[in-house]
Every structure is written in C-alpha cells, then in structure tokens.
Amino acid sequence: MFSHALYSQDVQSVVEQSEDNVIVESKAFTPDPTVSALLSGAIPGAGQIYSRAWWHAPIFILTEGYCIWRAYDANSTADSLWKLRNSLEPGSPEYEQTGIEFENSTIQRNTYLWLFAGVKLLDIVDAYVSAHLYKFDEKMTPPLTVDFTTSSNGFQFALNIQF
C-alpha cells in the first residue's frame, strides 16, 4: 500500500504529431502530492522541486537552514557557558551572570527549534498543495473576460461572463 502511494503518479497521455507526420504518444507529468510531502519531510525544498514549484524551494531551504544554524549556534554558546559556570565558584556574581546567560542561550535554542518545526510543517503542507494544484492555471478557465477591439467607429468593449 505504501509503496504504491510512493511510486504511483497520475499520468495523462498526450498525443502529438511530429515533423515526420508520425503520431507520438507521450506521458504528461503530474506530481503525486503524497510523494511531494514525503520528499519535503525528508529534505528541505525537495517536494517543491519535485512538484516544480521552483521559487518555493529556495525559500524553504534557506529558512530551514537558517533556523538550524541559529539553534546550533545557541546550543554551542549554552555548552560553553555551562562549562564556564562549572569552573566558577557557586554564589559568586560571575556564576550568577553565567547562569542567566546560559538560560537565555537555551531559550534562544529552543525558540529556533520550534521555529524550525513550524517552517518544516509549512514546507510539507506547501509541497502537498503545490503538487495538488499542479497546472491549476491551465485547468482553470476565467469566468469573466474583458475584450477591447478597434473598429471604424473607435473602440469596442466586450464583457463576457461565463455561467
């Protein structure tokens, strides 16, 4: 069941006529939303690349990378402050100040980890929706069109409403 969802794709046949008047049948790519979501869960931006949402991918790659980098940096600072605090005499002003800085670093680390989790969730949802709405513009016909044409009397304006 899982492997079917992972490897299946909705494929539409497209019939084209080549220059040699030979009819060629090719398969049009339609991304699977489940595969797209799984890819984004594993690798930042991979689901967007799979579903060909090219401008979404770098946004998620950079944002998730930044959050992880800042969380790692805050964790490294907290580790060095913990070691420094253990070398100080308890009750001294330096000991207390180092404890406050350690707490601030751990809060900052946790904040960036939660921010990363939120961005990761948004990455997965965006990949799923991008794959689901693949070629949405081509499938959608606008219900309202406006036409301007020139005539011998001037301009003609036509408003077409499709029901």
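Let's begin with how far this predicted model can be trusted: the protein has a mean pLDDT of 84, and 80% of its residues reach 70 or more. Residues 1-11 are another matter, with pLDDT below 50. In the model, that stretch has 13 contacts beyond its near neighbours in sequence, so read those contacts with the low pLDDT in mind, since pLDDT is the predictor's confidence in each residue.

Now turn to a pair of helices. Two packed helices are described by the angle between their axes and the distance between the axes. Find helix 2, residues 33-42, and helix 5, residues 93-132. Their axes come within 8 Å and cross at roughly 155°. Because angles over 145 degrees count as roughly antiparallel, helix 2 is roughly antiparallel to helix 5. The crossing of helix 2 past helix 5 is right-handed.

Which residues meet where these two helices touch? From helix 2 come P33, T34, S36, A37, S40 and G41. Helix 5 brings K120, D123, I124, A127, Y128, A131 and H132 to meet them. Sorted by character, the residues of this contact are 6 nonpolar, 5 polar and 2 charged.

Stay on helix 5 and look for S105, which is found in this helix. Is S105 buried or exposed? Its relative accessible area is 7%, and because anything under 20% counts as buried, S105 is buried. To see what surrounds S105, leave aside residues up to four places away in sequence: S105 then touches A74, T77, A78 and L81.

Key:
Residues are numbered from 1 along each chain as its sequence is written. This is a predicted model: local features need pLDDT of at least 70, side-chain atom pairs count only at pLDDT 80 or more; totals for chains, interfaces and linings use all residues. Side-chain values use heavy atoms; hydrogens and water are left out. pLDDT is the predictor's confidence in each residue, from 0 to 100. Contact means heavy atoms within 4.5 Å. Axes are lines fitted to C-alpha atoms, for helices over the stretch in contact, and angles run from 0 to 180 degrees between N-to-C directions. Helices (H or I, at least four residues) and strands (E, at least two) are DSSP runs, numbered from the N terminus. Angles under 35 degrees count as roughly parallel, over 145 as roughly antiparallel, 65 to 115 as roughly perpendicular and the rest as oblique. A crossing is left-handed if the near helix is turned anticlockwise from the far one by less than a right angle, and right-handed if clockwise. Ala, Val, Leu, Ile, Met, Phe, Trp, Tyr, Cys and Pro count as nonpolar, Asp, Glu, Lys and Arg as charged, and the others, Gly among them, as polar. Buried means under 20% relative accessible area, exposed over 50%, partly exposed in between (1.4 Å probe, protein chains only).
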